[in-house]
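Me: I would like to go through this structure by asking, term by term, what justifies each word used for it. Please set the values against the criteria and then conclude.

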2 protein chains.
Amino acid sequence: MMDHPFTLKISPERGYLELFSNHITRHLSAMRNQFLDKDAYESILKKEDVLVYEVYESKRPEIAGELLHGISIVHPGKVGDEYFMTKGHFHSELETAEVYYCLHGQGMMVMETPEGSWTVEAFNAGDLVYVSPRWAHRSVNTSLIEDLIMLFVYPGNAGHDYRTIERQGFRKMIVDKDSQVAIVDNPHWISPEER
Amino acid sequence: MMDHPFTLKISPERGYLELFSNHITRHLSAMRNQFLDKDAYESILKKEDVLVYEVYESKRPEIAGELLHGISIVHPGKVGDEYFMTKGHFHSELETAEVYYCLHGQGMMVMETPEGSWTVEAFNAGDLVYVSPRWAHRSVNTSLIEDLIMLFVYPGNAGHDYRTIERQGFRKMIVDKDSQVAIVDNPHWISPEER
């Protein structure tokens, strides 16, 4: 299997679990300090440690030339005004890109560079988002009803740096403002000058 | 644009041309000696230099870390018994993979290694095909009615080696045999021992 080509039938109905070797689940408890509204966070957590998102990935050698790939599913929901989202990360090998292709739902890709440049790309099913090398990225599900399902592909040697974002946050947050999706400043963001 | 993330709305209705920087078209005349039945080839060509397939691709730096990506469209048709297909190639940087995701239609990915191992993966819309490093690959449209449309992603430094396949061919061909899709030996294939 490892060095032989293969086909994955990407269909929720047929069951992702049978197809991908790795299944990563992120419950709310694993996302402490990622959402702005601490009270809302603790209040939800006290009731249930909800599943925020999950990732199914093929196991491949983590080396240049290979392409790691799989699907991510961000479930619908909010913590306070903030939509459910992935933790977000830089690649450890900073100069590596990532391709996302939206299979279902709607969302925004929140991105920023180590120097503090930011951008947000909105997308729907059928859209491809190119995350250029150097850009940290986080997927946000801006629907409160449907899953956001994305196919992703990134270089085998990219690696994940979650810690930088855990520490400094993203500059922008995606929130529900009077039932509209809004991009707002994150007041807890640590700018390059303050690091 | 070059180093800034971007979104592509992959939809035939909205027009690929507006979205991708490169548009490559392969007409029948550019595929001389790729199909087995020379008489059928010349006979079609005399009538019309038909468009066999086309590729829309984003322009990105051709370096490791970047991901080249786009869509390929293989139109339906046959030359003799052989279904329309892409030229097929090795990556110049042999140890690089490629991810294909089928957006529409049905097809087969014909693959082989420099040592002569071969495999064929059949797929439909919604399937992902992983072409592992070292495998030459060719997409074949096994429908005679619909386009085969695929999203592809490969490392920026992969490069294309078309000449090896032009010279030695693929070991296997995909043909219409009594209205069934069949995998048959290519009698013109040059094996590693004969090269």
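**Terms and their grounds**

Reply: In strand β10(B), the bridge partner of L8(A) is L128(B). This pair belongs to a predicted model, in which four bridges join β1(A) to β10 (residues 127–131) of chain B, the two strands running antiparallel.

Me: What makes β1(A) and β10(B) count as paired strands?

Reply: Two strands pair if at least two bridges are found between them, and β1(A) and β10(B) are joined by four bridges; therefore the term pairing applies to them. In the other direction, β10(A) and β1(B) also pair in the antiparallel sense over four bridges, and L128(A) stands opposite L8(B) there.

Me: In which order do the strands of the sheet containing β10(A) and β1(B) follow one another?

Reply: Seven strands form this open sheet, in the order β2(A)-β3(A)-β4(A)-β12(A)-β7(A)-β10(A)-β1(B), with antiparallel pairing. From one strand to the next the twist averages 20°.

Me: What makes β2 of chain A and β1 of chain B the edge strands?

Reply: Each of them, β2 (22–27) of chain A and β1 (6–9) of chain B, pairs on one side only.

Me: How do you know that β12(A) has a partner in β4(A) and another in β7(A)?

Reply: The criterion is at least two bridges. Strand β4 (residues 67–74) of chain A pairs with β12(A) in the antiparallel sense over eight bridges, and G70(A) has F152(A) as its bridge partner there. Strand β7 (residues 98–104) of chain A pairs with β12(A), again in the antiparallel sense, over five bridges, and Y101(A) stands opposite L151(A). Eight bridges and five bridges both satisfy the criterion.

Me: Why is β12(A) called largely enclosed?

Reply: A residue is buried if 20 or more other C-beta atoms lie within 10 Å of its own. Eight of the eight residues of β12 (residues 148–155) of chain A are buried, so the strand is largely enclosed by the rest of the structure. For chain A as a whole, buried residues make up 40% of its 195 residues.

Me: Why is K38(A) called what it is, buried or exposed?

Reply: The limit for an exposed residue is 12 or fewer other C-beta atoms within 10 Å; K38(A) has 12, and is therefore exposed. K38(A) lies in helix α1 (residues 38–47) of chain A, and its C-alpha atom is separated by 8.6 Å from that of V79(A), a residue 41 positions away along the chain.

Me: What makes β9 and β11 the edges of the other sheet described here, the one with the order β9-β8-β11 in chain A?

Reply: That open sheet has three strands with antiparallel pairing. In it, β9 and β11 (136–141) of chain A each have a single partner strand, so one side of each is left without a neighbour in the sheet. Neighbouring strands are turned by 20° against each other on average, direction ignored. Seven bridges join β8 (residues 106–112) of chain A to β9(A), where G107(A) stands opposite F123(A).

Me: How do you know that the dimensions of chain A agree with those of a compact globule?

Reply: With 195 residues, a compact globule would have a radius of gyration near 16 Å, and chain A has 16 Å, so the two agree. The C-alpha atoms of chain A fill a box of roughly 50 × 40 × 30 Å along the principal axes. Chain A contains two helices and 14 strands, and among its contacts between residues at least 6 apart in sequence, 70% join residues at least 24 apart.

Me: Why are the two copies said to be related as by a two-fold rotation axis?

Reply: A rotation of 180° with 0.0 Å of shift along its axis superposes chain A on chain B, with an RMSD of 0.0 Å. The two copies are thus related as by a two-fold rotation axis.

Me: How do you know that the copies meet through the same surface?

Reply: Of the interface residues of chain A, 100% are also interface residues in chain B, so the surface is the same in both copies. The contact takes 36 residues from chain A and 36 residues from chain B. On the side of chain A that touches chain B, the largest share, five residues, comes from β10(A). By class, that side has 20 nonpolar, ten polar and six charged residues.

Key: Residues are numbered from 1 along each chain as its sequence is written. Chains are lettered from A and ligands numbered from 1 in the order in which they are written. This is a predicted model: local features need pLDDT of at least 70, side-chain atom pairs count only at pLDDT 80 or more; totals for chains, interfaces and linings use all residues. Two residues are in contact if their C-beta atoms, placed from the backbone, lie within 7 Å. Ala, Val, Leu, Ile, Met, Phe, Trp, Tyr, Cys and Pro count as nonpolar, Asp, Glu, Lys and Arg as charged, and the others, Gly among them, as polar. The radius of gyration is taken over C-alpha atoms; the globule rule is 2.2 Å times the number of residues to the power 0.38. Axes are lines fitted to C-alpha atoms, for helices over the stretch in contact, and angles run from 0 to 180 degrees between N-to-C directions. Copies are superposed by least squares on the C-alpha atoms of residues with pLDDT of at least 70 in both.
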